Every structure is written in C-alpha cells, then in structure tokens.
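Work through the following exercises with the sequence and the model side by side. Each one sets a task and then solves it step by step.

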Amino acid sequence: MIYLVFFSVGLPNSMLGAAWPSIQGELSASAEWMGVIAAICAGGTILSSLLCVRIVNRLGISRTIFYSLLLTVAGLIGYLAASSPYMICAASLLIGSSAGCLVAALNAYLSLHYEARHLNWVHCFWGVGSMVGPALLTLSYQMNHTWRGGYVFAACCVGLISVFFTFTLPRWKASRASSENVGDSAAEGFVSNGEAMRMPGVKTILLLFLSYYAAESCMTLWITSFAGKVYALSESQAALMSSLFFLGITAGRGISGFVNMRFSSFTLVRCSAILMLTGILVLLLGSGYIMCVIGVLLTGLGCASINPCIVHELPLLVGRRASQSVTALQQAASSLGSMLMPLVTGFLFGRLGVALMPWWMLCFAAALFILLRMVERRRNTKVN
C-alpha cells in the first residue's frame, strides 16, 4: 500500500508541465503564471512538512495518510474544474500540501520500521507515478478529450488508492501499537522543529538535502535547454533528455533496492555521488547525442539513492524519537532548494548562458561530497 501511496504522490508531479501549453491557451494565462503556480505548490509542501510532526502526533500515521490522499484528489478535481489561473493556484496549494505531509510522514515511518531497500523502491514508485502522469494526458488527447481528461484519470487513480487504503487501516493501527512498546519511540512525546534544529548535526543534514535538490532541480529544468544550445541537438532529442534523467532516477532506485541488501546505505550513497559526478563531467567534456545521453543517464543514476538512503539513516543519526521531526525538516529543506535555486539559476544562466550548467552543478556536487563526509563521520562516531 505504501508503494501505491508514493505512486499517487508522483502522479500529479509532472502533469502540470506536460499540460501547461494547453492550460495556458485555454485559460489565457501569461507565461509568468507557471512560475507562480510552481512556487505556490512548493510553498504548500514546505508548510505541510513543517506541520507534519504535529499532525501525525494528533491524528496518527494512518489517518494522516488517508486525509492527505483525499487532499490530493481534491487538488486534482480543482484542476479539472479550473476556469482561471487563480483556481489552478488553489489546486496546486492542495496538491503541494498533501505531498509534503505524505512524503515526510512516510519517510519517517519507513526509516523506523523497514529496511533501506524499501525506501529506494517506494521512491522508485514515485518516479513511476511521475512518468505515468504525462502518459494519462497523452491518453486523454488520443481519446479526443482535453487536458482535463488527463486529470479525470489521475483523480480516479488516487481515489481508488484512497479506497484501497481504508482496507489496510487495521494493520496500521497494529503497527502503531507495536511501535509504542519501543522505549525510544514517539510515544515518549514528539520533538518540535525548534528542538530538532538545535540538535548536533541536523543543520548539516538539511544543507546536504538542500544541495542535492538544488542539483536535481537544476538538471530537471535546464537539461533540455543545455542539450539544445550546447550539444546542438534537435528539439525532439533535447526534450528526450529530461525523460532520460527521470528514467535514470527511477531505474537507479529500483536497482539500489537490491544492491542495498548487500551493501550499507552510506556505501551506496558514496557510489551514487561518484556516478553523479561522472555524469556531470561527461556533460561538461563530451559532445554529440550519445555522450549527452550517457551523461544524463549517469547523472540520473547517481541522484537515485542519495535521498532514500540518507533518510533511512536518520533514526541512527538523530535518534528514533527525533527522526520524525528531522525528516519533516528535511522535506522542507528539499522543497526550499527546489523552489529557490531555480530562481538563482535562472538569473545566473540568463546573464552568463546555459553552457554554465555543468560547472554550476559541479559546485553542488562538491558541496554534496563535503556534507556527505561530515554526516558519515558523525554516523560512524555514533556507531562506535
């Protein structure tokens, strides 16, 4: 069921970008609305992530997930019924708020109760959902419907997942009861966001996630422009690079789940960071379509395991009782990186050109290596 919930989080993730040309024409929206909508969605994610600990403590994990799924359905219906960009903004706020709470709550739950491979696999299902979203829009267009038909299909999918989820509620309650028998569990009282921020090493963890998501968002938003202008690829070839990047992340997380059964999370993260760096260097030094494909895929594969593997280590790094709060702060920092860094990157590339992209990503990769080493050193100290 958790896999399906992560699928539902990814489903609307890429639909807006795919549907935007049709939405823009039908609603007579200017190009600036796209940035406003994306910022509002990210803002909802940040806010709900910060409130997640209190919500879970008050409602419990099962009801938090169920109500968040209903919020996603409401947001998708909002898109379906939208008659102005303002209604799209309101619907995006609902979807962003739902995603922030779902991911923060489930990441913390999985890190406490499941092995690291499951975190890789559920995040892989997020990638599957991100790829299925545009496919639903394509299906709607092929059936002679508008972009709204794609959102009908998506709302039905998430609605069905919500119905299926109700049948698992007794198992969630049993799991919660068993977790209350653990001495260092949330039953002793939750740690507030302020208390978590003051804990040793937490700021380093948040900077790590901010750096990672800044690099990922840079790749997601600018790889098509970079491939077209620097590698001189055709419009269709350049557009394919964005899909290949998500394919690399999704496939990498699927593979990492199996690799994680034999190697530790930090070993996997080190290998992932090296793959990511290799992919960036290929993009920086290579030329031609094949080298661009290799660089994009390697970067995607390198990005795959960093988020789920570090999330799984949080209970060891900060303690079980504080893991929910730190996971929520991590989700907020990730969303903040995804929201703010594109603005900085856009300004930078507008002045100096998109050819700077690999160099800019090398800066994030260097920060990532340094922060990973700091976090790993703290982890080894705790283990010893």
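**Exercise 1. Is Arg-373 buried, partly exposed or exposed, and what is its relative accessible area?**

Before starting, keep in mind that the model is predicted. The relative accessible area of Arg-373 is 43%. The class of partly exposed lies between the limits of 20% and 50%, and Arg-373 is therefore partly exposed.

**Exercise 2. Find the residues that are linked with Arg-373 in a network of salt bridges, and describe how they are placed.**

Step one is the pair within one helix: the side chains of Arg-373 and Glu-376 meet in a salt bridge, with 3.9 Å from N to O. Both residues lie in helix H16, 3 residues apart, which is about one turn of the helix.

Step two is the other contact of Glu-376, whose side chain also meets that of Arg-270 in a salt bridge, at 2.2 Å from N to O. Glu-376 belongs to helix H16 (residues 357–383) and Arg-270 to helix H12 (residues 265–285), so this pair ties together parts that are 106 residues apart in sequence.

Step three joins the two contacts: Arg-270, Arg-373 and Glu-376 are linked in a network of salt bridges. Glu-376 is buried, because its relative accessible area is 11%, whereas Arg-270, at 38%, counts as partly exposed.

**Exercise 3. Which residue forms a salt bridge with Arg-148, and how far apart are the closest N and O atoms?**

The structure holds 3 salt bridges. In one of them Arg-148 pairs with Glu-26, and the closest N and O atoms are 2.6 Å apart. Since Arg-148 lies in helix H7 and Glu-26 in helix H2, the pair ties together parts that are 122 residues apart in sequence. The two partners can then be compared by class: Arg-148 counts as buried at 17% relative accessibility, while Glu-26, with a relative accessible area of 41%, is partly exposed.

**Exercise 4. Describe the largest pocket by its volume, its lining and the elements that contribute to that lining.**

Begin with the volume, which is about 1800 Å³ for the largest pocket. Its lining consists of 49 residues, and those nearest the centre of the pocket are Asn-13, Ser-14, Ala-38, Thr-220 and Leu-221. Several helices give two or more residues to this lining, among them H1, helix H2 (15–27), helix H5 (85–113) and helix H10 (202–229). The element that gives the most is H3, with 8 residues. Sorted by class, the lining of this pocket divides into 29 nonpolar, 18 polar and 2 charged residues.

**Exercise 5. How many cavities of 30 Å³ or more does a search of the whole structure find, and what lines the largest cavity?**

The search finds 1 cavity of that volume or more, and about 40 Å³ of space lies in the largest cavity. Its lining is made by Ser-8, Val-9, Pro-12, Thr-72, Ile-95, Ser-98, Ala-99 and Leu-102. The elements giving two or more residues to this lining are H1 and H5, and H5 gives the most, with 4 residues. When the lining of the largest cavity is sorted by class, 5 residues are nonpolar, 3 are polar and none is charged.

**Exercise 6. Which residues make the nonpolar surface patch of about 500 Å²?**

The patch is made by Leu-4, Leu-160, Val-163, Phe-164 and Phe-167. Helix H7 (residues 147–166) gives the most to it, with 3 residues. Leu-4, by contrast, is found in helix H1 (residues 2–10). Membership of a patch requires over 30% relative accessible area, and Leu-4, at 34% relative accessibility, counts as partly exposed.

**Exercise 7. Where do Ser-28 and Ala-232 lie, and what is the phi of Ser-28 and of Ala-232?**

Start from the general rule that most residues other than glycine have a negative phi. Ser-28 has a positive phi of about 55° although it is not a glycine, and this residue lies in the loop between H2 and H3. Ala-232, likewise not a glycine, has a positive phi of about 55° and is found in the loop between H10 and H11. As for accessibility, Ser-28 counts as exposed at 66%, and Ala-232 counts as exposed at 64%.

Note on methods. Residues are numbered from 1 along each chain as its sequence is written. This is a predicted model: local features need pLDDT of at least 70, side-chain atom pairs count only at pLDDT 80 or more; totals for chains, interfaces and linings use all residues. Side-chain values use heavy atoms; hydrogens and water are left out. Patches are made of residues with over 30% relative accessible area and no salt bridge: like charges are joined within 9 Å, nonpolar side chains (Val, Leu, Ile, Met, Phe, Trp, Tyr) within 5 Å. Accessible areas come from the Shrake-Rupley method with a 1.4 Å probe; for residues, only the protein chains shown count as cover. A salt bridge is a side-chain nitrogen of Lys or Arg within 4 Å of a carboxyl oxygen of Asp or Glu. Buried means under 20% relative accessible area, exposed over 50%, partly exposed in between (1.4 Å probe, protein chains only). On a 1 Å grid over the protein atoms alone, a cavity is a set of points where a 1.4 Å probe fits but cannot get out, and a pocket is an open set with protein on both sides within 12 Å along at least five of seven lines; lining residues have an atom within 4 Å of a point. Grid points are joined across faces, edges and corners, and a volume is the space filled by probe spheres set on the points. Ala, Val, Leu, Ile, Met, Phe, Trp, Tyr, Cys and Pro count as nonpolar, Asp, Glu, Lys and Arg as charged, and the others, Gly among them, as polar.
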